[in-house]
Amino acid sequence: MPGLRTHCMHTGLVLALATLGAGCASSAPTYLRAPSLAEPTPAPQDSRNAYLELIQRMQQQGAWYASLAHVDAFRQRYGDTPMLRLLQADALRETGQTEAAIALYRGLDSGTQAAAAAHGLGLIAAQRNQDDASEQALAKATQLQPLNTDYLGDLGYARLRAGRYEQAREPLAKALELAPGNAKATANLALWAVLRGDTATAERLAQQANLGADTRRSIEQQAQQIRARVQQRQAAASAAAESERASASVATAPAPSRAQLAAEPRRAKRDAAPASELARLPPSMLERFSTTDPASGSTP
């Protein structure tokens with residue numbers, strides 16, 4: 001055994017000296033493969049995903065028209081995808097090209113982007129003051145993605161705009177419980193409390209989320225606008241119902257003589273207020289509190 005250990009040590013020393021001698025003979029490093037100074041080329045899938053993320057960031061920054069140009073460039077380079085069509089639909093909606101946006105959203109109603117497409121359709125309907133259509137589309141979005149707090153918040157806000165305060169409570173409360181401390185969700189629920197006349201709850205929510213004075217004023221203004229909108233729509237509905245009753249009574253009454261028609265004063269026509277005269281409200285909770293102040297948290 002001692003002889004074997006000595007032989008092994010001798011063999012290791014010889015190999016070490018041989019390696020050292022080879023290093024002294026040439027200072028140039030040896031490589032199995034010559035290094036390349038060119039930048040690595042990403043895989044096609046990585047480039048594709050990176051481009052989609054770039055378009056998304058552009059839209060988050062409000063560059064909607066530029067994102068549309070990049071959507072066309074992406075499609076030429078990589079082809080079409082459902083995600084690309086969704087980004088295009090969002091940009092079309094934000095740039096006022098609603099009919100084209102609607103067509104794209106409806107083409108996505110059965111795939112992986114179905115929830116986002118329903119959300120987009122709900123926002124367009126809200127912009128058009130179509131309360132029932134807006135609530136239906138936003139409810140579908142929350143059914144497809146029940147944990148999406150943005151969808152829940154927009155559904156609740158759509159119900160507030162329509163005067164359906166009690167129905168708005170559930171999605172707004174879900175949004176806040178899923179994202180505790182979220183300033184937007186808190187402001188939305190505080191708005192619900194103000195509309196119900198529960199100022200104590202609204203104040204408690206504002207204090208818990210440390211909402212600033214600007215946000216509190218915005219909540220009060222929103223509550224006033226929503227109340228005015230609901231009153232206008234109720235008045236318009238009452239006027240339309242009265243007009244229908246009057247038309248029905250005239251249709252069933254005997255035809256008056258010409259003398260009666262000449263003697264009777266003409267009834268003033270009462271039409272429903274057009275949608276353009278209704279209080280203008282943003283369709284989404286994400287647009288209502290758009291100013292952010294991360295340092296103080298004063299605005300959601």
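This report walks through a predicted model of a protein chain, from its overall layout down to a few single residues.

**Ground rules**

Residues are numbered from 1 along each chain as its sequence is written, and side-chain values use heavy atoms, with hydrogens and water left out. Since the model is predicted, local features need pLDDT of at least 70 and side-chain atom pairs count only at pLDDT 80 or more, while totals for chains, interfaces and linings use all residues.

**How far to trust it**

That score, pLDDT, is the predictor's confidence in each residue, from 0 to 100. The protein chain averages 79, and 68% of the residues score at least 70. Residues 4-8 stay under 50, and the model gives them zero contacts (heavy atoms within 4.5 Å) beyond four places in sequence. Residues 259-279 are also below 50, but that stretch has 14 contacts beyond near neighbours in sequence. Where pLDDT is low, the predicted coordinates should not be read in detail.

**The overall layout**

The protein chain has 14 helices and zero strands. Helices (H or I, at least four residues) and strands (E, at least two) are DSSP runs, numbered from the N terminus. Of the 300 residues, 36% count as buried. Here buried means under 20% relative accessible area, exposed means over 50%, and partly exposed is in between (1.4 Å probe, protein chains only). Among contacts with a separation of 6 or more, 61% join residues 24 or more positions apart. For a single pair, take Gly 62, in the loop between helix H2 (44-60) and H3: Gly 62 and Ala 91 are 29 residues apart in sequence and 9.3 Å apart in space, C-alpha to C-alpha.

**Two cores**

A nonpolar core is a set of buried Ala, Val, Leu, Ile, Met, Phe, Trp, Tyr and Cys residues joined through side-chain atoms within 4.5 Å. The largest one has 27 residues, and those with the most contacts inside it include Leu 160, Trp 192 and Ile 226. Helices H8 (149-161), H9 (165-178), H10 (183-195), H11 and H12 each give two or more residues to this core. Which helix gives the largest share? That's H10, with 10 residues. A second, separate core has 17 residues, including Ala 89, Tyr 105, Leu 108 and Ala 117.

**A helix with two sides**

Now look at helix H11 (residues 199-208), where Thr 201, Ala 202, Leu 205 and Ala 206 are buried. Seen down the axis of H11, the buried residues fall within an arc of 135°, so they line one face of the helix. (The arc is that of the directions from the helix axis to the C-beta atoms.) On the other side of H11, Thr 199, Ala 200, Gln 207 and Gln 208 are exposed.

**Rings in H3**

A search of the whole structure finds three aromatic pairs. Rings of Phe, Tyr and Trp (its six-membered ring) pair if their centres lie within 6.5 Å; planes under 30 degrees apart count as stacked, over 60 as edge-to-face and the rest as tilted. Why is the pair of Phe 74 and Tyr 78 called tilted? The ring centres are 5.0 Å apart and the planes are at 45°, so Phe 74 and Tyr 78 make a tilted pair. Both lie in helix H3 (residues 64-78), four residues apart, about one turn of the helix. Ring pairs also link Tyr 51 with Phe 74 and Tyr 78 into a cluster.

Just past that helix, Thr 81 lies in the loop between H3 and helix H4 (82-94). A polar atom of the Thr 81 side chain lies 3.1 Å from the backbone nitrogen of Leu 84.

**Two asparagines with positive phi**

Most residues other than glycine have a negative phi, and most peptide bonds are trans. Asn 129 goes the other way, with a positive phi near 60°, in the loop between helix H6 (114-127) and helix H7 (131-144). Asn 210 has a positive phi of about 55° although it is not a glycine, and is found in the loop between H11 and helix H12 (213-252).

**Buried or not?**

Here are the accessibilities of some residues mentioned above.

| Residue | Relative accessible area | Class |
|---|---|---|
| Phe 74 | 0% | buried |
| Asn 129 | 8% | buried |
| Thr 81 | 11% | buried |
| Tyr 78 | 23% | partly exposed |
| Gly 62 | 41% | partly exposed |

Methods: A polar contact is a pair of N or O atoms within 3.5 Å; within protein, one must be able to donate a hydrogen and the other to accept it, and residues adjacent in sequence count only if both atoms are side-chain atoms.
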